[in-house]
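User: I'm new to this and keep tripping over the labels people use. Could you walk me through a few of them?

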Amino acid sequence: MNQKSLHWGWLVALAIALVFPFVSTNEYYLSVATLALIYAISALGLNLLTGYTGQFNLAHGGFMAIGAYAVGILTVDYEWSFWAAFIVAILVTMLIGFFVGLVSLRLKSHFFSIFTLCVGYIIFLLIEKWEWLTQGVVGIMNVPVPELGGLVDFEEPRAQYYLVVFFLALGLWLMNRIVRSIVGRSFVAVRNSEPLAQALGINLMRTKILSFVISVAYAGAAGALYAGYVRFLGPDMAYVTHTFTVVMFVLVGGIGTLAGPVIGALLVSSLTQSLQFLEDYRMLIFGPLLIIILIFIPAGIVGVWRKFKAKRMIAAKQKAAAAKGGSYASN
């Protein structure tokens with residue numbers, strides 16, 4: 001796909017996102033879309049680390065919870081403004097991510113994943129047991145919504161939706177700049193072959209830590225937006241199921257692609273909501289359906305689309321070459 005077509009595709013997607021609140025039949029669908037886009041921001045971060053750098057972090061949901069709780073604690077207990085707490089939440093998440101990455105990234109493949117799974121569970125336990133700071137199982141209630149000097153009322157669902165769309169668009173733009181830069185190419189080099197990357201002069205540890213810190217920064221930002229939207233935080237937010245939900249978005253949409261996490265978040269969220277009438281039994285349908293998707297389209301939706309476009313391009317070139325050869329033969 002050429003750059004012009006790609007730009008038009010993103011512009012169409014942005015136009016659809018901007019128009020959606022006006023065509024949505026009720027606020028419930030708007031709420032589902034807002035939460036899906038918040039998780040899409042978190043999925044973008046995980047996709048950078050897993051899809052581009054090849055490191056599978058199972059504590060990602062825990063870092064999203066750190067961002068959310070940082071906003072909740074600073075705004076509710078210390079009466080900070082939302083935006084000051086938002087910035088600090090991202091910085092705190094990045095700082096904790098740096099130290100976790102410094103230790104965990106010394107491990108290889110599944111050992112790294114198992115270690116981060118333990119880190120995620122430790123984050124969950126700290127949130128649940130550290131009652132004087134996090135309120136424990138009671139949780140943090142009445143987190144204030146973002147404010148913009150009275151210019152916009154973020155109590156209104158549509159305003160919150162557009163705020164999340166803005167941050168998702170900003171996150172996509174930044175991620176596009178990162179993955180297309182020399183730094184992004186070093187991430188891919190590490191994913192493809194660590195020995196070869198090292199032979200080319202890439203500092204493996206520094207590259208992995210940078211990817212890890214950027215990844216958790218996205219999780220922290222998503223958690224902060226989540227806190228301002230839902231306005232209630234409980235320990236379950238840090239549980240590993242949230243990480244697996246984000247992983248599902250990345251895999252279904254297309255790992256190692258920019259659009260994949262967003263498409264996966266919207267599609268899976270829509271599908272789970274459409275099966276709500278089945279209550280607990282909806283997983284009997286959703287679970288096997290997800291397994292089928294992962295078996296038959298492991299590259300995800302975006303991966304399948306890319307393969308389809310590549311085949312069409314090859315077929316068009318072959319047809320053009322055959323026609324050209326035929327014209328020479330006739331001459």
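Analyst: Sure! Keep in mind that this is a predicted model. Let's start with Leu-271, which sits in helix α12.

User: Why is Leu-271 called partly exposed?

Analyst: Its relative accessibility is 26%. Buried means under 20% and exposed means over 50%, so with 26% Leu-271 falls in between and counts as partly exposed.

User: How far apart are Leu-271 and Phe-187 in sequence and in space?

Analyst: They're 84 residues apart in sequence, and 33 Å apart in space going C-alpha to C-alpha.

User: And Leu-14, why is that one partly exposed?

Analyst: Leu-14 belongs to helix α1. Its relative accessible area is 36%, and partly exposed covers what lies between under 20% and over 50%, so the label fits Leu-14 as well.

User: What makes the nonpolar surface patch?

Analyst: Leu-14 together with Leu-18, Val-19, Phe-22 and Val-23, giving about 460 Å². Patch residues need over 30% relative accessible area, and Leu-14 has 36%, so it clears that bar.

User: What about the largest pocket, which residues lie nearest its centre?

Analyst: Gly-9, Trp-10, Ala-13, Leu-172 and Ala-259, out of 44 lining residues. The pocket's volume is about 1500 Å³.

User: Which helix gives the most to that lining?

Analyst: That's α1, with twelve residues. Helices that each supply at least two include α12 (259–274) and α14 (300–330).

User: How many of the lining residues are nonpolar, polar and charged?

Analyst: The lining has 30 nonpolar residues, eleven polar and three charged. Gly counts as polar here, so Gly-9 goes in the polar group.

Notes
Residues numbered from 1 in each chain as written. Predicted model: local features only at pLDDT ≥ 70, side-chain atom pairs only at ≥ 80, totals over all residues. Heavy atoms only, no water. 1 Å grid on protein atoms, 1.4 Å probe; cavity = no way out; pocket = protein on both sides within 12 Å on 5 of 7 lines; lining within 4 Å. Points joined across faces, edges and corners; volume = space filled by probe spheres on them. Helix = DSSP H or I, 4+ residues; strand = E, 2+ residues; numbered from the N terminus. Patch = residues over 30% accessible without salt bridge, like charges linked within 9 Å, V, L, I, M, F, W, Y side chains within 5 Å. Areas by Shrake-Rupley, 256 points an atom, 1.4 Å probe, with all protein chains shown as cover. Salt bridge = Lys/Arg side-chain N within 4 Å of Asp/Glu carboxyl O. Buried < 20%, exposed > 50% of the residue type's maximum accessible area, 1.4 Å probe, protein only.
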